[in-house]
Amino acid sequence: MKIHEYQAREILQQAGIPIPPGEVIESIDEAAAVFKSVTKEAGTDFAVIKAMVHAGGRGKAGFVKLIHSAEEATEAARFMLSNKMVSVQTGPEGLDVSKLLIAAGVGIDHEYYLAITTDRGARRNVLIASREGGVEIEKVAHENPDAILKQHIHPSMGLQPHQARRLAFDLGFKGKQINQAAKIMIALADTYEKRDCTIAEINPLIVTPPSSDHPDGQVLAIDAKFNFDDNALYRQKQVAAMFDPAEEDPGEMRAKKFDLSYIPLDGSIGCLVNGAGLAMATMDIIKHFGGDPANFLDVGGSATEEAVTEGFRIILSDENCKGVLVNIFGGIMRCDVIAQAIANAAKEVGFEVPLVVRLEGTNVEEGRAILEEAKSQIPTMQTARDLGEAAEMVVAAVG
Ligand code: GDP
Ligand code: MN
């Protein structure tokens, strides 16, 4: 599960990681007052306004802006709330923006990257850091991998202070900054573990220019991203409450309601299958015949006729879907349930695109009889004897 930056800030705060003060707004007319209050609180003359969406690359897309007056705050809020954000991480259709964060602006001497994730190969969590932080960490990892430093974290002892100080030193933090940075690293590692995260990232972690209060500069987090393990949400009540359905793929949400798993992809052939292994095999064989899956929907073993019918509605509502392949190997799932759901979907939504059905296994004769009866209502339907034939047929039909 992903959360918004303003929610991530709450978690940072609870971990004792310093951030500039900020507030969330949902309408253009709140911008001016919030600009005034956050700058007053921090004693600064500028602020930053940011779109709250579950995607990065906001800076480059024009959805992170520095603002120097209440008028600029209003203008930026108007732009961000009335345009979709399109960044390298969103795809061309972009994302709607309904919330903005206005945070006090800070001077930046240097931007660092800091993250914790799990290194499956090493079977440990790992702290990843770089002196080349900011907006293009993927590029750094690619072009200059030596600029990425790592420390593996002991599973029971956690990140040790000497490891954190070593890393802070190697990153080039100076004087009092070293302890500030090390403290943040330890707090982030602790939060990662305690909150069942799969990613805890601060980018950038910054150092402010020296001031009278902080002659060595101050280390602050000004952007954060957290992802959480869905299977742990039952014991992470505070995190689970941060779920924002508006940010989820509507198809995936509908599928979840019926205990189906639906994965949207980029191709043109919708797949309804039972079992994740069969889904993989189905996609492989579609590719083998030169096609590309638009999605796959796994109905599992125990889905009801109602759930499978919803599955067809979800697949057919995907605009990229130019043909549907049903590949069922009935074990616990019965072929007649699938056939009945096909008949229901034909009646309710109609299959305007080609449909290829391959049924095998439990109650296959009953299933075939149902399809035979419904055939006149599904002129685009073809049936196949095996998976190879089915894949070839659907690829040919989609063209
Ligand atoms: P992202 O592009 O979605 O990762 O958004 P960020 O919140 O990380 O902001 C992108 C960039 O904007 C940062 O790397 C900074 O360079 C700049 N930025 C953000 N907040 C401030 C701020 O308070 N002061 C200054 N000077 N720059 C900021
Ligand atoms: Mn960032």
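How much space lies in the second largest pocket? In this predicted model, the second largest pocket holds about 380 Å³ of space. Of the 17 residues that line this pocket, the closest to its centre are Ala-42, Thr-44, Val-106, Thr-208 and Gln-218. By class, the lining of the pocket divides into eight nonpolar residues, eight polar residues and one charged residue.

The position of this pocket can be described through the domains of the chain. The protein chain is divided into three parts, which the table lists with their bounds.

| Domain | Residues |
|---|---|
| Domain 1 | 21–104 |
| Domain 2 | 110–240 |
| Domain 3 | 250–398 |

Because domain 1 and domain 2 both give residues to the lining of the second largest pocket, the pocket lies between these two domains.

The contact of domain 1 with domain 2 takes four residues from domain 1 and five residues from domain 2, while the C-alpha centres of the two domains lie 25 Å apart. The size of an interface is often given as the accessible area lost when the parts come together. For domain 1 and domain 2, the area buried between them is about 300 Å², and 29% of this area is on carbon and sulfur atoms.

Which polar links cross the interface of domain 1 and domain 2? Across this interface the rule finds two salt bridges, and the count of residue pairs in polar contact between the two domains is three, with both residues at pLDDT 80 or more. On the side of domain 1 that touches domain 2, there are three charged residues and one polar residue, with no nonpolar residue. Lys-60 forms a salt bridge with Glu-136, and the closest N and O atoms of this pair are 3.3 Å apart.

Terms used. Residues are numbered from 1 along each chain as its sequence is written. Chains are lettered from A and ligands numbered from 1 in the order in which they are written. This is a predicted model: local features need pLDDT of at least 70, side-chain atom pairs count only at pLDDT 80 or more; totals for chains, interfaces and linings use all residues. Side-chain values use heavy atoms; hydrogens and water are left out. Domain bounds come from an automatic or database domain assignment. Contact means heavy atoms within 4.5 Å. Buried area is the accessible area (1.4 Å probe) that two parts lose on being put together, summed over both. A salt bridge is a side-chain nitrogen of Lys or Arg within 4 Å of a carboxyl oxygen of Asp or Glu. A polar contact is a pair of N or O atoms within 3.5 Å; within protein, one must be able to donate a hydrogen and the other to accept it, and residues adjacent in sequence count only if both atoms are side-chain atoms. Ala, Val, Leu, Ile, Met, Phe, Trp, Tyr, Cys and Pro count as nonpolar, Asp, Glu, Lys and Arg as charged, and the others, Gly among them, as polar. On a 1 Å grid over the protein atoms alone, a cavity is a set of points where a 1.4 Å probe fits but cannot get out, and a pocket is an open set with protein on both sides within 12 Å along at least five of seven lines; lining residues have an atom within 4 Å of a point. Grid points are joined across faces, edges and corners, and a volume is the space filled by probe spheres set on the points.
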